[in-house]
Amino acid sequence: MKLPVNLLIGAVLVALVLGAAALSLLWTPHDFTQLNVRNKFAAPDATYWLGTDQLGRDLVSQLTAGARNSMAVALAAVLLGGSIGTALGLLAAAIGGWVEDLVMRIADIGFAFPALLFAIMLAAVFGPSLTNAVLAIAFINIPVFARVARAAANQVWTREYVAAARAAGLNRFAISKDHILPNIAAPVIVQATIEFAVAILAEAALSYLGLGAQPPSPTWGRMLSEAQTLMYQAPQLAVYPGLCIVAAVMGFGLLGDGLRDVTDPRLVRER
Amino acid sequence: MILEVRNVTRRYRLPRQALLSAPPVLVAVDNASLTLERGETLGIVGESGSGKSTLARMVMAFERPDEGNIRFDGHDLNALSTGDLRRLRPKFQMIFQDPYGSLDPRRTVGWSIAEPLRVMASTDITRRVDEALAQVGLRQQDAAKYPHEFSGGQRQRIAIARAIVTRPALLVADEAVSALDVSVQAQILNLLMDLQDELGLAMLFISHDLAVVASICDQLMVMQHGRTLESGPAQQVLAAPSHPYTKSLLTAAGA
Ligand SMILES: Nc1ncnc2c1ncn2[C@@H]1O[C@H](COP(=O)(O)OP(=O)(O)OP(=O)(O)O)[C@@H](O)[C@H]1O
Ligand SMILES: [Mg+2]
């Protein structure tokens with residue numbers, strides 16, 4: 001089987017970002033919080049690979065630590081929102097009738113609700129924090145996963161092995177657990193990969209607005225917002241975190257698309 | 001009498017055609033009645049859309065009739081509580097048309113065959129799965145394999161093993177051999193007849209192929225557009241069909 005190009009490029013980018021994030025847990029070239037004003041705006045050299053910022057902090061160290069924060073927020077948000085959304089989608093498909101209609105109408109409303117607006121609302125009520133950023137991003141994931149899970153589950157419910165399970169005496173919750181969930185795992189995982197990209201972008205936007213992780217914990221979004229005022233003086237300070245965001249978002253997006261291409265049963269059957 | 005279907009009607013509401021008109025109603029099964037004795041086979045024939053599968057789903061208590069009632073072993077299926085129905089389910093089982101769709105691709109064959117036993121909280125699951133595999137001509141080792149490792153005929157054997165592992169009194173077979181090659185069809189039909197003798201199974205055997213039904217059934221029922229055109233002992237219906245539609249089916253089957 002030939003692997004699609006988007007899957008390969010996506011996998012490489014994701015491996016780089018995840019690798020940098022994992023590495024930053026153990027080691028960064030410098031302490032990313034250490035200020036060294038005498039050494040501000042240093043040019044790239046053997047010590048500071050990408051140079052330093054307006055406060056003399058090492059850029060590479062900040063970028064890798066930022067990767068770790070982005071990944072952590074995206075992972076927590078997608079896991080939380082994905083589990084709740086998938087459970088709701090399974091429930092809607094299992095019960096059907098007005099319960100299904102209700103769940104899907106609520107999902108429609110959640111879908112139409114802008115994530116940033118919701119995050120700003122949360123921040124206004126509870127104050128800006130990393131936890132609130134995670135909750136806001138998780139919240140916008142719920143309707144996405146509810147829809148995907150319900151559509152896939154409804155297909156599986158028409159299968160004869162589900163009828164056989166009913167004949168065996170299983171109730172709809174046991175059927176959802178034993179047969180529906182394992183058979184919708186592929187589309188849900190594909191969606192999770194794509195939503196991971198969305199979550200990274202949302203986290204960057206939130207911390208750009210100061211609604212995400214708080215200083216001194218570095219994030220790409222905040223690096224970008226701090227660099228904004230220095231655009232003419234030191235454009236590289238904005239370029240590097242921007243590139244990181246693009247690489248991570250594209251990486252997970254392409255990986256998700258590629259996974260969909262290889263797991264979509266319609267395509268598999270044609271091959 | 002193991003199964004008695006009395007004056008059963010099932011209607012489906014179709015999507016509304018125009019905003020202000022009532023949605024059209026399709027009568028999928030129209031006033032159908034049948035009785036089946038222990039150990040006997042009743043064949044239901046009819047073209048596509050005649051309501052055979054709908055009748056089968058009602059007999060399996062997957063859906064309720066709008067009118068009429070269905071008694072299995074003396075119990076009115078639609079009057080039973082959920083718990084009582086679940087306890088009765090092992091006694092009537094079903095095999096399906098599509099040998100590729102009736103087994104969960106993510107589960108081993110042994111897991112699928114054991115499924116009804118787990119619901120019954122049976123204590124000797126492994127032994128009974130092995131026994132069922134042997135009864136359908138498969139090996140003990142096959143329990144650890146996945147459905148994609150088997151041919152269509154073998155999968156249908158697995159589906160039969162799952163259906164008989166609970167020692168049912170009634171087996172509903174909806175187009176159980178239609179998707180198989182002709183040579184494999186004969187093997188599966190022979191297997192079903194052997195099992196029927198061995199276990200004293202009553203069978204509701206659904207097919208659009210009169211030749212197949214004629215070869216194994218005691219009673220015969222002919223359906224078209226939800227209505228029962230005729231029914232009676234298979235010999236009698238085949239020898240002297242009273243309805244022109246049955247005659248045309250006979251001609252088509254080359255009899
Ligand atoms: N859930 C449903 N909703 C609406 N209409 C249905 C539904 N199930 C069946 N029907 C309709 O009821 C009629 C009878 O269908 P049924 O599947 O029982 O026929 P069948 O004799 O089994 O046909 P086949 O030989 O194709 O399997 C058909 O016209 C079908 O379109
Ligand atoms: Mg049918």
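This passage describes the surroundings of ligand 1 and the strands of chain B in a predicted model.

Confidence in the prediction is a good place to start. The model as a whole scores ipTM 0.92 and pTM 0.87. For chain B, the mean pLDDT is 93, and 100% of the residues reach 70 or more.

Turning to the ligand, 13 residues lie around ligand 1, and those that come nearest are Ser48(B), Gly49(B), Lys52(B), Ser53(B) and Thr54(B). By character, the shell divides into three nonpolar, six polar and four charged residues. Several polar contacts can be picked out. The side chain of Ser48(B) places an N or O atom 2.5 Å from an oxygen atom of ligand 1. Gly49(B) takes part through its backbone, where a polar atom is 2.8 Å from a ligand oxygen. Ser50(B) likewise uses a polar backbone atom, at 3.2 Å from an oxygen atom of ligand 1. On its own, ligand 1 has 630 Å² of accessible area, and the protein covers 63% of that area. Two elements of chain B, β2 (25–36) and α1 (52–59), give two or more residues to the shell. Of the elements, α1(B) gives the most, with four residues.

Ser50(B) deserves a closer look. This residue sits in the loop that runs between β3 (41–45) and α1 of chain B. With a relative accessible area of 1%, Ser50(B) falls under the 20% cut-off and therefore counts as buried. Its side chain also has a partner within the protein: a polar atom of that side chain lies 2.7 Å from the backbone oxygen of Glu47(B). Ser50(B) thus offers a backbone atom to ligand 1 and a side-chain atom to Glu47(B).

The strands of chain B complete the picture. Strand β1 (residues 3–13) pairs with β2(B) in the antiparallel sense, over eight bridges. Within this pairing, Val8(B) has Ala32(B) of β2(B) as its bridge partner. β1(B) also pairs with strand β4 (residues 67–72) of chain B, again in the antiparallel sense, here over five bridges. In that second pairing, Thr9(B) stands opposite Glu67(B) of β4(B). β1(B) is therefore paired with both β2(B) and β4(B), each time with at least two bridges. As a reminder for reading these pairings, side chains in a regular strand alternate between the two faces of the sheet. The strand β2(B) links the two parts of this account, as a partner of β1(B) and as a contributor to the shell around ligand 1.

Technical notes: Residues numbered from 1 in each chain as written. Chains lettered and ligands numbered in written order. Predicted model: local features only at pLDDT ≥ 70, side-chain atom pairs only at ≥ 80, totals over all residues. Heavy atoms only, no water. Near = heavy atom within 4 Å. Polar contact = N/O pair within 3.5 Å; in protein donor to acceptor, adjacent residues only side chain to side chain. Areas by Shrake-Rupley, 256 points an atom, 1.4 Å probe, with all protein chains shown as cover. Nonpolar A, V, L, I, M, F, W, Y, C, P; charged D, E, K, R; others polar. pLDDT = per-residue confidence, 0-100. Buried < 20%, exposed > 50% of the residue type's maximum accessible area, 1.4 Å probe, protein only.
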